[in-house]
Amino acid sequence: MSEIAKVLEDMRMADSLRKKLHFLSPVLVAAAFDAYDRSGLRGLRARAQKALGRHPAPAPLEEQERYNRSQLERLGLTESRIVDGPFKGMAYAYYAHGSPFMPKILGIYEPELHPWVREAIATGYGTVINVGSAEGYYAAGFAFALPEAQVHAFDTEPTTDIMVKRLAELNGLQARLHKHGRCGAAELRDLLAGPARSLMFIDIEGHEDALLDLRRVPALAEADLIVETHDRFNPGVTRRLIERFRRLDACAHLVALRLGAVDGGLAVLAHHDEGRGVGGLEGEGKVEQDEGVGVPRFHPADDVQHHPGH
């Protein structure tokens, strides 16, 4: 389905004129994105970046390990173990995949997520699904912090199989941390079919609205979600997800939204039990509470723009 088709379908399903009008800007952006995609310029740009070395291959694991060991020694650390943050105490391998190593060891990686990660740990989950796991920081972290949880890590990069397995071995998580490749609707339906309460933690570089399709996976309506969105790869995706999951108001779910400064924009959607209250919103716009039903209503700024990525 093209980007503009996704936006038009979500616009069609919006239940009020006000909500439909929220999609006018994404429609225009999606139309431009589709024209850019169909022209072949997107593929040409990707090939040019590769030829120019703009996206170099990650360093071999042995090279990463030597360098990161030396960095830890400079800080007086004798082992690779997370020293602070929500996963404090977890043993860590001497490498990372597509993100920095040292902030994870120091417990300061993506600090804007820490309150939500801590809340997820306090809530307790029987199943955690991490799509876009990379080397397994969040997958292993949740398995480490939630001793009863079965954690499923999805990533299509073959190198991550070795990395996630290593983290599982270092922390004795082999029986509960499971590594998979591609994640689609069929995989989600299987994993969300059980009775255990489920958390999904997603970072998939612009494909989040294709995966989080309530029509193909209705059980998503019962899962708790933390989603990193990437509007620079998929224009309008944050707003589409906000509108899509706001429809769960009718199901009496409390949906909290927060926009932060990770890449193109960070949408954190977490269902809460009634009476527990709703988290705040960072970034443009505001959340106000609907009277009577306890469901937050998101008011975007005049033109929703997210903080630039790092």
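Modeller: Before we begin, a residue is called buried when its relative accessible area is under 20%, and please keep in mind that the structure above is a predicted model.

Colleague: With that cut-off, does His 152 count as buried or exposed, and in which strand is the place of His 152?

Modeller: The relative accessibility of His 152 is 12%, and the limit for a buried residue is under 20%, so His 152 counts as buried. As for its place in the chain, His 152 belongs to residues 150-154, which form strand β2.

Colleague: Which side chain does the side chain of His 152 join in a polar contact?

Modeller: Leaving aside residues up to four places away in sequence, His 152 touches Thr 127, Val 128, Ile 129, Asn 130, His 178, His 180 and Leu 191. One of these neighbours is also linked to His 152 by a polar contact between side chains, at 2.9 Å, and that partner is His 180.

Colleague: In which sense do β2 and strand β3 pair, and what is the handedness of the β-α-β unit they make with helix α9?

Modeller: Strand β3 covers residues 177-180, and four bridges connect it with β2 in the parallel sense. Within this pairing, Ala 153 stands opposite Lys 179 of β3. Together with helix α9, residues 159-171, the strands β2 and β3 make a β-α-β unit that is right-handed.

Colleague: Which element gives the most residues to the largest nonpolar core?

Modeller: In soluble globular proteins, nonpolar side chains tend to be buried together. Here the largest nonpolar core has 39 residues, and those touching the most other members are Tyr 92, Val 128, Tyr 138, Phe 142 and Leu 177. Two or more residues come from each of α5, α6, α7, α8, β2, α9 and β4, and the element that gives the most, with six residues, is α8.

Colleague: How many residues are in the other core?

Modeller: This other core lies apart from the largest one, and its members include Ile 129, Met 200, Leu 211 and Leu 214. The number of residues in it is 22.

Colleague: Ala 134 is not a glycine, so what is the value of its phi, and where does Ala 134 lie?

Modeller: Ala 134 lies in the loop between β1 (127-131) and α8 (137-145). With a relative accessible area of 15%, Ala 134 is buried, and its phi is positive, at about 50°.

Colleague: What is the phi of Glu 110?

Modeller: Glu 110 is found in the loop between α6 and α7, and at 10% relative accessibility it counts as buried. Although Glu 110 is a residue other than glycine, its phi is positive, near 45°.

Notes
Residues numbered from 1 in each chain as written. Predicted model: local features only at pLDDT ≥ 70, side-chain atom pairs only at ≥ 80, totals over all residues. Heavy atoms only, no water. Buried < 20%, exposed > 50% of the residue type's maximum accessible area, 1.4 Å probe, protein only. Polar contact = N/O pair within 3.5 Å; in protein donor to acceptor, adjacent residues only side chain to side chain. Contact = heavy atoms within 4.5 Å. Pairing = 2+ DSSP bridges. Right-handed = clockwise from strand over helix to strand, strands pointing away. Core = buried A, V, L, I, M, F, W, Y, C linked by side-chain atoms within 4.5 Å.
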